[in-house]
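Hi everyone, thanks for coming along. I'd like to walk you through one structure today, so please have a look at it first.

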Amino acid sequence: MQSIQEQVSPAEFETIVPWLRKVMAEDWPRQFTAEVFHDLVVERIIGPLHREGHDRAALSLFLMGLHTRILYAEDAEEMLRLTVHMGRADELEAVYGLYVEAIDEYYREVAKNAFAVTLEGVPSTNLARERQASLDRWQRHRDRCLAECRRTVERLTREREREKEEADRATLERQWLGFQQSLKQQYGQVPDWAPATVEEFERFLTNPSARNEAAGRGGQARVGDPGRPGAPASPAAPLLRVPEELRQIPLTVGVVGERPPLAERWGEEGLRAGRVAWSAQRIHLMREFDELLCTDALVGVIPHRHQAETARRILTRFRGRAILADEVGLGKTIEAGLVIKEYLLRGLARRVLILVPPALVSQWQGEMLEKFGLEFATTAAADAREDPGAFWGRPLVLASLGLARLEPHAGRCTAQPWDLVVVDEAHHLRNATSRSHKLVKALPRKFLLLLTATPVQNQLMELFHLINLLQPGTLGTPAEFRARFVQPHKPTEPLDRDQLRALLRTVMIRNTRAFTDVRLPRRFASTIRVEPLPRERDVLHFLGKGLSPLFAAGDGRFRLSCAALLGQAGSSPMAARPALERFAARDLPVGAGLAPEAATAARLALDSCLAAARELRHSAKDDQLVSLIRQKPGEKVLVFTRFRATLDHVAGVLGRHGIGHAAFHGEMSGPERDRAVGEFRDQVPVLVATESGGEGRNLQFCRTIINYDLPWNPMRIEQRIGRLHRIGQTRDVFIFNFCLRGSLEERMLAILEGKINLFELVVGEMGMILGHLGEEADFEDLLLEAWLASPDEAERDRRFDTLAAEVTRARGAHDRVKAFDEALFQEEFEA
């Protein structure tokens with residue numbers, strides 16, 4: 001696993017690690033022979049890696065087998081094809097060298113036997129001639145492969161150069177726009193002599209004479225420094241008006257020692273005029289927080305006024321320690337990201353820890369990477385479990401609060417010095433005796449941000465525990481706080497409301513929708529329950545029947561497999577079929593929790609499920625998809641799927657019906673994703689995307705989402721909707737949800753849509769509601785338990801009714817807390 005992780009990107013590793021871990025967890029033979037390597041590594045790991053497009057990881061495992069001399073000849077041939085495909089001539093030469101050694105060794109062994117046979121099984125009397133013929137054949141094969149490798153490398157080089165040219169062009173365009181903005185700030189408008197196009201700007205940067213010529217058109221002196229007669233000429237001097245008192249100020253923050261004045265430094269790199277003008281104009285801001293430096297480094301997001309102002313207040317008035325209590329949907333994540341990025345840019349923080357509920361880890365990871373360019377290590381990565389010490393030693397860590405509070409992670413986490421700690425859904429820290437509260441309290445940190453839309457859940461003492469994390473000891477003891485602020489026998493009623501609010505103003509910011517400029521159009525959701533095809537119904541029936549006894553057996557590995565198989569079956573038979581094939585090859589855990597007769601019945605049911613899946617070539621949802629898209633001519637449509645196999649199937653369906661489409665998935669490179677989005681915007685009506693579709697990209701030109709399948713995590717459904725129903729969208733958004741009748745997804749929607757109106761909630765509110773199910777409760781696990789732990793349909797109905805009642809109670813508890821907080825805080829804590 002370490003070998004694979006070193007060869008692929010973090011995103012690719014996150015994609016392949018779940019099923020890879022399943023294979024690695026099995027009992028492997030003590031003797032690692034070529035046969036074992038072929039059966040367990042080549043067939044079970046390398047093959048799927050290659051088919052899914054993870055060629056670098058597949059090649060790294062081939063190399064492991066090559067260097068340990070346990071590759072079959074046929075596996076070496078497959079490795080050759082892969083090296084040629086990737087243009088890796090060095091690996092090809094390594095295979096060639098070992099092949100020569102293997103041929104020599106083979107013929108030495110044959111020579112010992114009077115009845116020697118050749119590699120082809122034909123008796124030979126001239127082994128030397130046969131040996132040379134084998135070497136000659138292999139040499140010719142090697143030469144052909146090397147020629148193909150060279151062609152591959154040339155093709156890949158051309159593609160990389162084209163991508164680099166596109167990226168350089170985009171960077172230059174951003175610099176030109178920034179230069180124009182700096183000139184507007186300095187002169188009030190863009191001067192006539194300024195470069196009017198990107199091409200002129202490029203010449204302006206690289207050609208001093210062009211800069212002087214431009215300055216000459218502006219009527220200023222072209223040489224010399226107007227403030228210092230006789231000083232060395234500066235190519236930027238004609239367009240800079242730098243006050244004398246600013247000349248000695250260094251261009252960087254925290255530099256120790258003297259630096260040359262600006263006038264002497266202008267010739268250092270030709271001193272790109274726009275950058276120096278910008279720096280000279282804003283240098284005093286480097287010591288204060290009057291203006292955020294991080295806003296220029298954001299990608300795909302422009303902070304709202306209240307978000308930028310909130311970040312400034314946290315940095316100045318609150319000194320990096322505050323409760324962020326904005327109403328749901330106003331962008332607390334963006335505000336926290338601004339603070340994180342600002343501290344990192346200014347060198348005031350180097351090590352950052354973000355603690356969030358388990359269901360929000362991937363969402364935060366995407367936000368930090370796509371919008372702020374910050375790559376956090378997450379507890380979903382393999383090294384978090386395999387090497388906790390190294391994981392917690394990383395400078396940027398994003399962790400599940402549920403995992404971080406458990407050993408050995410808690411000890412490792414609290415042993416590290418953190419500059420900035422951010423806790424999302426911080427109301428989970430309200431109980432001072434909980435492990436979550438104790439963990440955060442024990443963390444060494446300079447700055448602390450607590451994010452929660454509902455700081456008070458049940459009683460005012462919860463405020464004491466949150467504030468005590470920010471400013472330990474300032475409120476005295478719990479008894480003193482209770483006597484000062486809480487009415488006797490009324491734990492939710494403040495004794496002196498004005499005094500309490502005055503205290504909260506020193507530690508809390510709370511923006512409300514009424515006082516912000518965040519306005520979104522309406523959204524309309526419709527659920528389309530599709531009658532499954534007969535064999536689709538068989539897949540669902542036999543899968544549930546086969547997985548129920550395995551789930552009840554309690555084997556952790558099989559529970560994960562059960563969840564994966566059910567999710568794939570709910571997506572499409574095409575996604576489920578490969579997983580069913582792999583599952584059919586596994587031995588069932590007969591023993592502790594699974595009786596032999598139950599195992600036999602489960603195997604028969606799963607075999608019937610696989611047989612049904614093999615017969616299916618399309619889904620009943622396909623016809624609905626095509627029909628719905630054709631009902632919206634001229635409309636852009638974003639189709640979401642959970643799995644790559646389903647995405648490929650949907651793309652095939654659209655292609656067969658002549659519907660233009662583009663594909664967007666996590667395995668694509670950045671330029672490939674940009675091209676897909678551009679094609680969707682300008683050429684084709686449909687974009688088919690996996691969960692990562694559109695993150696960090698502007699898709700507001702589209703307003704229709706079709707959820708071909710549905711994730712079991714409601715927050716992921718919210719994320720999908722948020723791709724279109726977000727700031728910048730000016731039209732009403734339409735959401736269509738597909739589910740098969742009789743599926744787990746239909747049951748889930750009946751709860752989320754029927755009981756708590758999922759599609760009418762503000763984005764982010766669903767997580768808060770489900771949080772009232774209990775800190776340890778996971779909605780996905782509750783769904784799986786209700787579906788698979790039921791011996792019959794009647795019991796299944798009862799379990800889902802119970803879950804629906806619990807969710808309804810959670811919604812009621814959330815509404816009460818929300819009303820209480822609104823009454824307590826009112827509108828007095830805006831940024």
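Let me begin with how elements are named: helices (H or I, at least four residues) and strands (E, at least two) are DSSP runs, numbered from the N terminus. With that in hand, you can find Pro408 in the loop between α17 (401-404) and α18 (409-414). The peptide bond that leads into Pro408 from Glu407 is cis, with omega near 5°.

A word on where this comes from: it is a predicted model, in which local features need pLDDT of at least 70, side-chain atom pairs count only at pLDDT 80 or more, and totals for chains, interfaces and linings use all residues. Residues are numbered from 1 along each chain as its sequence is written, and side-chain values use heavy atoms, with hydrogens and water left out.

Now the overview. The protein has 34 helices and 15 strands. Of its 831 residues, 50% are buried, where buried means under 20% relative accessible area, exposed means over 50%, and partly exposed is in between (1.4 Å probe, protein chains only). Contact here means heavy atoms within 4.5 Å. Among contacts between residues at least 6 apart in sequence, 72% join residues at least 24 apart.

Back to the backbone for a moment. Most residues other than glycine have a negative phi, and most peptide bonds are trans. Two residues are worth showing beside that cis bond. Arg319, in the loop between α12 (305-315) and β1 (321-324), has a positive phi near 55°. Glu425, in the loop between β5 and α19 (435-442), has a positive phi as well, near 50°. Which of the two words fits Arg319, buried or exposed? Arg319 counts as exposed, because its relative accessibility is 59%. Glu425, at 12%, is buried.

Since α12 has come up, let's see what it packs on. Two packed helices are described by the angle between their axes and the distance between the axes. For α12 and helix α13 (residues 332-345), the angle is about 50° and the axes are 9 Å apart. Axes are lines fitted to C-alpha atoms, for helices over the stretch in contact, and angles run from 0 to 180 degrees between N-to-C directions. So α12 is oblique to α13; under 35 degrees would count as roughly parallel, over 145 as roughly antiparallel, 65 to 115 as roughly perpendicular, and the rest as oblique. On the α12 side the contact includes His306, Ala311 and Leu315, and on the α13 side it includes Ile334, Leu338 and Tyr343.

On to the sheets. Two strands pair if DSSP finds at least two bridges between them. One open sheet has seven strands in the order β3-β4-β2-β5-β6-β1-β9, with parallel pairing. Its edges are β3 (377-378) and β9 (508-509); each has a single partner strand, so one side of each is left without a neighbour in the sheet. Inside this sheet, β2 (residues 352-356) and β5 (residues 418-423) pair in the parallel sense over four bridges, and Val352 has Leu420 as its bridge partner in β5.

There is also an open sheet of six strands with parallel pairing, in the order β10-β15-β14-β11-β13-β12. Which strands stand at the edges here? They are β10 (523-530) and β12 (661-664), each pairing on one side only. Neighbouring strands of this sheet are turned by 20° against each other on average, direction ignored. Strands β11 (residues 637-640) and β14 (residues 704-707) run parallel and are joined by four bridges, with Val637 opposite Thr704. Helix α30 (residues 714-722) packs on the sheet, touching β10, β11, β14 and β15 (733-740), and its direction makes about 150° with that of β14. Helix α31 (residues 744-754) packs on the sheet too, touching β10 and β15, at about 140° to the direction of β15.

Last, the interior. In soluble globular proteins, nonpolar side chains tend to be buried together. A nonpolar core is a set of buried Ala, Val, Leu, Ile, Met, Phe, Trp, Tyr and Cys residues joined through side-chain atoms within 4.5 Å. The largest one here has 128 residues, and Ile354, Trp364 and Leu547 touch the most other members. A second, separate core of 42 residues includes Ile323 and Cys413.

Thanks for listening, and I'm happy to take questions.
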